[in-house]
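Here is a short report on one protein model. Look over the sequence and the structure first, then read on.

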Amino acid sequence: MAATMVMEAVLAALVAFAVATALTPLAARFARRIGAVDQQKEIGLAKRATPLLGGLAILGGALVAGVLFLPDNERTEGILAAALLIVVVGALDDRFELPPVVKLAGQFLAAGVLVLSGVVVDAFTFPFLHRVELGDFGGPLTMLALVLLMNIVNFSDGADGLAAGVCAIAALAFAVIAFDLGRRTAGTLSAITAGAALGFLLWNFPPAKIFMGDCGSNLLGLLLGAVIVEGTLKTNALIALVGPLVVLAVPLMDTGFVVLKRLKYGRPIYRGDSNHFHHRFYRMKWKTRRYVLWLYAWTAMMAGTAVALRFIPYSERDGTLNGGWALLMGALLLVCLAVSLYLVWVLEIIKLRRVREWQMRRADPDTSEHEIDEQVDRELETGEFGQVRT
């Protein structure tokens, strides 16, 4: 039975992949015809005008595979309806640049459709502690979490192939975890999400022929959110809360640092800038394919660790650790932590940037943030660091 479910999920992923692959060129033509084209921007990395609306192809793959392979019930109808709604909102934004409050309202509306259809967290379990009943707060908190995840994916969609590849890797990890937890619908939906994202990625991998746009990034965030709610958060397993945080650690950290920086300098959170991980790789003169593959590898490492948390028998049911397995799991977690800290240091320049900012503004109080970033990026690129004076 389990093997049959997995095979159905694989078939669903292949159908979503094929449909998305076939529809993506049509979405590009449609985008050009109606003027939904991303022009070169000061903060963007695109080297030429590129059509948007790739999310329409991802939606097509998800809808076809969803109708064929997901169970016919209220939750499935809610997921597909919410997916259609958020793509409409995103497509309008791609074409007309909707005001931020309108986009946010559209995200909450789509999240509300999911919650009303039963995709909601009523309770969750803190690892090794106790179960928390959310009661009437379950719906609003689920909506808020879904909207946050949509924006996290949207914020990370700034380089050719980045969001599609990262979301595909995350969806594959969630599919494995969901099936092991016996969450068949979530596992199949996750497989469909991965297949649709990969089908689009064939056309979006650098150099991209089309961008997914807000309609695509919001859609992938919504689908991953539905998978997390249905696949892990409704279980009592350790992986329930830890898994999503580990699998999505890269976009979570990227968004976290960017938002904190915008708050620090008094800028609106929704206004784009060039402080994302991919922008910093770019300023270090890395080729697009190189840094996108690095971010894929980082995401895959984190996702693989989350899967390992579910499958490695590092402890008994009573919490007793299993010697060698526990050491192996600890080693994996330490490697992930070390790699993440190193990459964050390199990309966010936490210590070096702070020192350089202090030095340069002591010498010239009018030194701009851009001049500081240029100096730090130049030192990282050449490996020639000036003397640090305190």
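## The largest cavity

The residues that line the largest cavity divide into 7 nonpolar, 2 polar and 1 charged. They are S156, L162, A163, V166, V250, P251, D254, F277, H278 and L295. The model is a predicted one. In it, the largest cavity holds about 80 Å³ of space.

Which helices each supply at least two residues of this lining? They are α6, α10 (249–264) and α11 (277–283).

## The second largest cavity

How many cavities of 30 Å³ or more does a search of the whole structure find? The search finds 2. The second largest has a volume of about 50 Å³. Its lining is made up of L149, V153, S156, A163, V166, C167, L224, L248 and P251.

By class, that lining has 8 nonpolar residues, 1 polar residue and no charged ones. Helices α5 (138–156) and α6 each give at least two residues to the lining of the second largest cavity. S156, A163, V166 and P251 are among the residues lining the largest cavity, and S156, A163, V166 and P251 are also among those lining the second largest.

## Helix α6 against helix α8

Helix α6 covers residues 162–180, and helix α8 covers residues 213–233. The two pack at an angle of about 15°, and their axes lie 11 Å apart. Angles under 35 degrees count as roughly parallel, so α6 is roughly parallel to α8. The crossing of α6 past α8 is left-handed.

On the α6 side, the contact uses A163, A164, C167, A171, F174, I177 and A178. On the α8 side, it uses L220, L224, V227, I228, G231 and T232. Sorted by class, this contact has 11 nonpolar residues, 2 polar residues and no charged residues. Two names in α6 return from the cavities: A163 and C167 meet α8, and both A163 and C167 line the second largest cavity. L224 of α8 is in this contact and in the lining of the second largest cavity.

## Helix α5 against helix α8

Helix α5 also packs on α8, at an angle of about 135° and with the axes 8 Å apart. That angle makes α5 oblique to α8. What is the hand of the α5 and α8 crossing, left or right? It is right-handed.

From α5 come T142, L146, L149, M150, V153 and N154. They meet D214, S217, N218, L220, G221, L222, L224, G225, A226, I228 and V229 of α8. The contact of α5 with α8 splits into 10 nonpolar, 6 polar and 1 charged. L149 and V153 of α5 take part here, and L149 and V153 also line the second largest cavity.

## Helix α2 against helix α8

Helix α2 (54–69) is another partner of α8. The angle between α2 and α8 is about 35°, and the axes are 7 Å apart. G55, L56, I58, L59 and A62 of α2 meet C215, G216, L219, L220 and L223 of α8. This contact has 8 nonpolar residues, 2 polar residues and no charged residues.

L220 appears in several contacts of α8. It meets residues of α2, of α5 and of α6.

## Two backbone details

Just before α2 comes a loop. L53 lies there, between β2 (50–51) and α2. L53 has a positive phi of about 70°, although L53 is not a glycine.

Another loop leads from α7 (184–204) to α8, and P207 sits in it. Is the peptide bond from P206 to P207 cis or trans? It is cis, with omega near -5°.

Notes
Residues numbered from 1 in each chain as written. Predicted model: local features only at pLDDT ≥ 70, side-chain atom pairs only at ≥ 80, totals over all residues. Heavy atoms only, no water. Axes fitted to C-alpha atoms, helices over the stretch in contact; angles between N-to-C directions. Helix = DSSP H or I, 4+ residues; strand = E, 2+ residues; numbered from the N terminus. Parallel < 35°, antiparallel > 145°, perpendicular 65-115°, else oblique. Left-handed = near helix turned anticlockwise from the far one by under 90°. Contact = heavy atoms within 4.5 Å. Nonpolar A, V, L, I, M, F, W, Y, C, P; charged D, E, K, R; others polar. 1 Å grid on protein atoms, 1.4 Å probe; cavity = no way out; pocket = protein on both sides within 12 Å on 5 of 7 lines; lining within 4 Å. Points joined across faces, edges and corners; volume = space filled by probe spheres on them.
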